[in-house]
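Here is a friendly walk through one protein chain, from its overall make-up down to a few single residues. Keep the structure open beside you as you read.

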Amino acid sequence: MRTMLVILTVAVIGLGAYSVHVNKENASLQRTVLAQYTNSLTDASEKLSGLQKAVSQSLLFQDDKAIDNELDSVWRLSSDVQSSLATIPVGQEVSNDWLSYLGRLGDEAKKTAETGDYEAWRKKMPQVSTNLQSLSDEWTSATVDFYKNNGKMDVWLRQVDTKSPNTTFDNVQKTLKDYNEKDFPLTLSESDWQKKIELKALQDSVITEKEALEKVKNLFPIIKDATFTVTKSSDTAPYPFYHIQFHQGIRLGYVDLTEKGGHLISYLVERPVDEARLSQDEIKKKAEEYLKRLGMNDVAFVESRENNQAWHLTFARVHPGDNALIYADGVQLKLAKDNGELLGANAMEYIQEETIKSQNPRPIDWKTFFDNDVKVEEVRKIYTDNGQFDQRLCYEVIAVRDKNTQETFRVVIDAENHNVLKVEYLT
């Protein structure tokens, strides 16, 4: 009995010592993290002030070269401020609004330097400079909130992680939203892109949780007898959807469906995978069968890759007008190597469905377009983003440069104006 008492006493003392040690480590970690956040806040404040000065300085000159120097500073500093802000826990919405505003300011500076449209810059930037000064002042006031907690990171994180944060950074967010809309209104292409991301084009009727569950069982009969848990997306989600988790034997996973129409967003299954028994062609055939079951009959194969457990296959919608592949309307499937079971599907891009504008492609003489030692191996028509939210009809060329050693490139060329949009080194 006495021996047992001694053992228990030693154990309690040991646990107490361990608890003290852990608490000290946690406190030390919090102090380290707090120091990092403090440095980031200071850094962001200094760079934000520098950004405002750079915008003001860009309005001093008529000389193009002098303006370009300041435009370069605006572009660089806007990127630097974004990097600093990305590491500070000020709440997700505040961060998103900051990144949006700064990104658009940097893009505007870069575009002005490229196009030489300095007059448009001079008209817009006086108000932006004033607004930046206001934002800089509000940001400085807001940082006081951070220091009020005397190093108690848990208190601060509770404030910013709630659904209704209560810090003076909220004032910054309200100002940012207002300035975002006034200083950088969305272009028509950007507005269309935003509507696409938020699935505004979906006109289907809303389905119930029961209907969503029945649709899942119909699309994926292999899990029809699973145990399901259905939840709805939060109010802050960009669009409403059902998140359906399931468990059946060795399978564990989830399915996401839109509330409007029950369109498949994503599907994922985790289970052990045995040794590969199917060829690549057999896997591709099974993938095409799955797509038919999912109702995606207007897609074509793009590419595939593999790891030790699964094949990952990419398909894209075929534009009916010219049979060009719309890469932005893609579907990705994951198939098990052992029996070809569908382990994953991502159809988010497919259901967003791009709006394709009419374009007039012009043929290209590859012998004069490329150098003499370049051989064109393959050409196919595709639609791809030109970086300005426009889907452009392009020639996707696989070209081999045969000099001393063979090098293979993927070249994307606008089919209408023959601008080279992308060059990718393959091998």
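## Two nonpolar cores

A nonpolar core is a set of buried Ala, Val, Leu, Ile, Met, Phe, Trp, Tyr and Cys residues joined through side-chain atoms within 4.5 Å. In this predicted model, the largest such core has 43 residues. Within that core, the residues with the most contacts are Phe220, Leu264, Tyr267 and Leu333.

Take Phe220 as a way in. Apart from neighbours within four places in sequence, Phe220 is in contact with Val255, Leu264, Tyr267, Leu294 and Leu342. There is also a second, separate core, made of 23 residues, and its members include Ala44, Leu51, Leu77 and Trp121.

## The chain as a whole

The chain has 427 residues, and buried residues make up 40% of them. You will find 11 helices and 12 strands along the chain. Among contacts with a separation of 6 or more, 56% are between residues 24 or more positions apart. The accessible surface comes to about 24700 Å², and carbon and sulfur atoms account for 50% of that area.

How confident is the predictor, on average, in pLDDT terms? The chain averages a pLDDT of 81, with 76% of the residues scoring at least 70. Residues 4-15 stay under 50, and the model gives this stretch zero contacts beyond four places in sequence. Over residues 17-26 the pLDDT is likewise below 50, again with zero contacts in the model beyond near neighbours in sequence.

## Helix H2 and its buried side

Helix H2 spans residues 64-85, which is 22 residues. From first C-alpha to last it reaches 31 Å, close to the 32 Å expected at 1.5 Å a residue. Which residues of H2 are buried? They are Ala66, Ile67, Glu70, Leu71, Ser73, Val74, Leu77, Ser78, Val81, Ser84 and Leu85. These buried residues cover an arc of only 160° around the axis, so they sit on the same side of H2. A general point helps here: an α-helix has 3.6 residues a turn, so residues three or four places apart point the same way.

Ser78 is worth a closer look. This serine belongs to H2 and counts as buried because its relative accessibility is 2%, where the cut-off for buried is under 20%. Leaving out residues up to four places away in sequence, Ser78 touches Leu51, Leu102 and Gly106. Of these partners, Leu51 is also among the members of the second core.

## Helix H8 and what it packs against

Helix H8 covers residues 209-219, and its Ala212, Leu213, Val216 and Leu219 are buried. Why do these four lie on the same side of H8? Their arc around the axis is only 130°, which puts them on the same side. On the other side of H8, Lys210 and Asn218 are exposed.

The buried residues of H8 pack against several elements: strand S1 (227-232), strand S2 (241-248), strand S3 (251-258) and helix H9 (280-293).

## Thr408 and Phe369

Thr408 is placed in strand S11, residues 406-414. With a relative accessible area of 16%, Thr408 is buried, since buried means under 20%. Beyond residues up to four places away in sequence, Thr408 touches Ile398, Ala399, Val400, Glu424, Tyr425, Leu426 and Thr427.

Phe369 is found in helix H11, residues 366-369. Its relative accessibility is 30%, so Phe369 counts as partly exposed. Its contacts, apart from neighbours within four places in sequence, are Ile364, Ile413, His418 and Val420. Phe369 and His418 are 49 residues apart in sequence, while their C-alpha atoms are 9.6 Å apart in space.

## Two residues with positive phi

Two loop residues may catch your eye in a backbone check. Asn323 has a positive phi of about 65° although it is not a glycine. Asn323 lies in the loop between strand S6 (310-318) and strand S7 (325-336), and at 61% relative accessibility it counts as exposed.

Glu353 is not a glycine either, yet its phi is positive at about 45°. Glu353 is found in the loop between helix H10 (348-352) and H11. Is Glu353 exposed or partly exposed? At 45% relative accessibility, Glu353 counts as partly exposed.

Notes. Residues are numbered from 1 along each chain as its sequence is written. This is a predicted model: local features need pLDDT of at least 70, side-chain atom pairs count only at pLDDT 80 or more; totals for chains, interfaces and linings use all residues. Side-chain values use heavy atoms; hydrogens and water are left out. The expected span of a helix is 1.5 Å times one less than its number of residues. Buried means under 20% relative accessible area, exposed over 50%, partly exposed in between (1.4 Å probe, protein chains only). The arc is that of the directions from the helix axis to the C-beta atoms. Contact means heavy atoms within 4.5 Å. Accessible areas come from the Shrake-Rupley method with a 1.4 Å probe; for residues, only the protein chains shown count as cover. pLDDT is the predictor's confidence in each residue, from 0 to 100.
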